[in-house]
Amino acid sequence: MTNDTTPPAAAEAELLIDIGINLGHDSYDADRDAVIGRAVASGVVQMVVTGASVDGSRKALEIARSHPGRLFATAGVHPHHATELTSDALSVLEELAREPEVVAAGECGLDYFRDFSPRPAQREAFHRQLELAARLHKPVFLHQRDAHEDFFAILKEHRQTIVGGVTHCFTGGTHELQAYLELGFAIGITGWICDERRGAHLLPLMREIPAERLLLETDGPYLLPRDLHPKPASRRNEPSYLPHIATVVARARGEPVETLARSSTAAARALFGLPAI
């Protein structure tokens, strides 16, 4: 698959970090290195490759190792795959999560919107992965959709033992935002905020997020910014569009995009322990 859209210019030459990119997705198989190259050219100098299953986490680690210092990985089981987290699978996941290139446990959490796994299995898998994060002293990469009450209760139960984390692809309202901030978690903002149909409510919330807790992500190949013009022929999202998301978020915060770029990059490096590059 090719992309015929020129990536946006880097945000005033400031460096950005995409903290959630599904580079293991098969839509990138034909041109993964070119996707990474376009990201770097646009100012996205580091990326965290999301692991959402045992096999997906293994692939994320492999991709990260192919670009040392620039790519990193998470290792986890998304709630859609919660029933796959057997005791043997958890042991394999722990081996992967111990690798130095893996900077967070997850993607883990609850998804009551799709309910692809039974809710009790989702909750059990979430508990086990929070315990894993605590054992390894690594932050958590969190997913929540239509499950705030159970999600928050489980997080609160484990909060004293985990070192921190980020609520990936935040799409909630003020109540949810304040709840996660009070627990000390960072907030990940995607191109959802660029969708006037679903994401307009996020715009006034951007000023409520402390700069040291605000992270940026594309969640590619999903969530291509709806207001991106021209749109790529493939309609595939990729990290080179992160500067566009940064511009929208900065405008909502009433600050220069270069200020947001500096603060979000510093916040990402602090949370995940990423080196400067």
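This text goes through the sheet of a predicted model and then turns to a residue in one of its helices.

The sheet comes first. Strands of a sheet are held together in pairs by backbone hydrogen bonds, in either a parallel or an antiparallel arrangement. Here the pairing is parallel, and eight strands make up an open sheet that runs in the order β1-β2-β3-β4-β5-β6-β7-β8. The edges are taken by β1 (16-21) and β8 (214-216); each has a single partner strand, so one side of each lacks a neighbour in the sheet. From one strand to the next, the twist averages 30°.

One pair within this order can be followed in detail. Strand β5, residues 140-145, pairs with strand β6, residues 165-167, in the parallel sense, and three bridges join them. Val 140 has Gly 165 of β6 standing opposite. Helix α5 (residues 148-158) packs on the sheet, where this helix touches β4 (102-111), β5 and β6. The direction of α5 makes about 155° with that of β5.

The other place to look at is helix α3, which spans residues 87-97 and contains Val 92. How accessible is Val 92? Its relative accessibility is 27%, and because partly exposed covers the range between under 20% for buried and over 50% for exposed, Val 92 counts as partly exposed. Leaving aside residues up to four places away in sequence, Val 92 touches Val 54 and Arg 58. Between Val 92 and Ser 57 the separation is 35 residues in sequence, and their C-alpha atoms are 10.0 Å apart in space.

How values were computed
Residues numbered from 1 in each chain as written. Predicted model: local features only at pLDDT ≥ 70, side-chain atom pairs only at ≥ 80, totals over all residues. Heavy atoms only, no water. Pairing = 2+ DSSP bridges. Helix = DSSP H or I, 4+ residues; strand = E, 2+ residues; numbered from the N terminus. Axes fitted to C-alpha atoms, helices over the stretch in contact; angles between N-to-C directions. Contact = heavy atoms within 4.5 Å. Buried < 20%, exposed > 50% of the residue type's maximum accessible area, 1.4 Å probe, protein only.
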